[in-house]
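Reader: I'm new to reading protein structures, and I'd like to walk through one with you. Could you take my questions one at a time?

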Amino acid sequence: MKKKDSEITVAEAKAVLETNETAGSAEKADNEVSGVYVYLGPTVKGIVTNGSIMRGTKNSVMEYIAQRAEAAGLKEKAAKIGRLIIKDREVSAAREQIRTGGNGLSRAYEAVLSAENGGEK
């Protein structure tokens, strides 16, 4: 039986569906993909030190930070710290952004730094 141009095979349909699912959930997938993450913010006693390397999914790393922050009685700092946890492949560019200033990462660094120095609670 000859296939018409408008017909697709089951394999082609599955490929299209997989592509659409992947594209639609790229952000979700990033948080669920295991990898290596680096903390680029200032050291926060009892929670994390500058340059800490963590393995796992972004979600599991964030859970770890939240647990440490809660144990240290600094639960409110977990979200600020989380903004400075960067994928290993993006560390160089992120460090440059922090150095340059005037962007989200540099503001996050300053927020953690001022919170650590008592400027915010």
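Author: Sure, and let's settle one term up front: a helix here is a DSSP run of at least four residues, and helices and strands are numbered from the N terminus. Also keep in mind that this is a predicted model.

Reader: Okay, what pattern does the chain follow along the sequence?

Author: The chain has six helices and three strands. Write α for a helix and β for a strand, and read along the sequence. You get α-α-β-β-α-α-β-α-α.

Reader: In what order do the three strands sit in the sheet?

Author: Let's work from the pairings. E1 (residues 35-39) is joined to E3 by three bridges, and E1 is joined to E2 by four bridges. The edge strands, each pairing on one side only, are E2 (53-56) and E3 (85-87). That fits an open, antiparallel sheet with the order E2-E1-E3.

Reader: Which residues stand opposite Tyr37?

Author: Tyr37 has a partner in each neighbouring strand, so to speak. In E2, Tyr37 stands opposite Met54. In E3, the residue opposite Tyr37 is Lys87.

Reader: And what is the bridge partner of Val36 in E2?

Author: E1 and E2 run antiparallel, with four bridges between them. Look across from Val36 into E2, and the bridge partner there is Arg55.

Reader: Which residues of E2 are on its covered face?

Author: In a regular strand the side chains alternate between the two faces of the sheet. E2 has an uncovered face with Ile53 and Arg55. Its covered face has Met54 and Gly56.

Reader: Which helix packs on the sheet, and at what angle to E2?

Author: The sheet itself has a twist that averages 35° from one strand to the next. Helix H3 (residues 58-71) packs on it, touching E1, E2 and E3. The direction of H3 makes an angle with that of E2 of about 125°.

Reader: How far does H3 reach from its first C-alpha to its last?

Author: H3 has 14 residues, and the expectation is 1.5 Å a residue. That gives an expected 20 Å, and H3 comes close to it. From first C-alpha to last, H3 reaches 20 Å.

Reader: Around the axis of H3, what arc do the buried residues cover?

Author: The buried residues in H3 are Lys58, Val61, Ile65 and Ala69. They are on the same side of H3, because the arc they cover around the axis is only 75°.

Reader: Then which exposed residues are on the face of H3 turned away from that side?

Author: Exposed means over 50% relative accessible area. On the face of H3 turned away from its buried side, the residues that count as exposed are Gln67, Glu70 and Ala71.

Reader: Is Lys77 buried or exposed?

Author: Lys77 is found in the loop between H3 and helix H4 (78-82). Leaving aside neighbours within four places in sequence, Lys77 is in contact with Val44, Ala115 and Glu116. Buried means under 20% relative accessible area. Since Lys77 has 10% relative accessibility, it counts as buried.

Reader: Over in H5, which residues are buried, and why do they line one face?

Author: Seen down the axis of H5, the buried residues fall within an arc of 65°, so they line one face of the helix. What covers them includes E1, E3 and helix H6 (104-116). On the other side of H5, Ser92, Ala93, Arg99 and Thr100 are exposed. The buried residues of H5 (residues 91-100) are Val91, Ala94 and Ile98.

Reader: Which residues meet in the salt bridge?

Author: Side chains of opposite charge can pair when their charged atoms come close. The structure holds one salt bridge, and its N to O distance is 3.4 Å. Both residues lie in helix H5, three residues apart, about one turn of the helix. The pair is Glu96 and Arg99.

Reader: Which of those two is exposed, and which is partly exposed?

Author: The cut-off for exposed is over 50% relative accessible area. Glu96 has 43%, so Glu96 is partly exposed. With 60%, the exposed one is Arg99.

Reader: Last one: what residue follows H5, and what is its phi?

Author: H3 is followed by Gly73, with a positive phi near 75°. H5 is followed by Gly101, and the phi there is positive, near 85°.

Technical notes:
Residues are numbered from 1 along each chain as its sequence is written. This is a predicted model: local features need pLDDT of at least 70, side-chain atom pairs count only at pLDDT 80 or more; totals for chains, interfaces and linings use all residues. Side-chain values use heavy atoms; hydrogens and water are left out. Two strands pair if DSSP finds at least two bridges between them. Helices (H or I, at least four residues) and strands (E, at least two) are DSSP runs, numbered from the N terminus. Axes are lines fitted to C-alpha atoms, for helices over the stretch in contact, and angles run from 0 to 180 degrees between N-to-C directions. Contact means heavy atoms within 4.5 Å. Buried means under 20% relative accessible area, exposed over 50%, partly exposed in between (1.4 Å probe, protein chains only). The arc is that of the directions from the helix axis to the C-beta atoms. A salt bridge is a side-chain nitrogen of Lys or Arg within 4 Å of a carboxyl oxygen of Asp or Glu. The expected span of a helix is 1.5 Å times one less than its number of residues.
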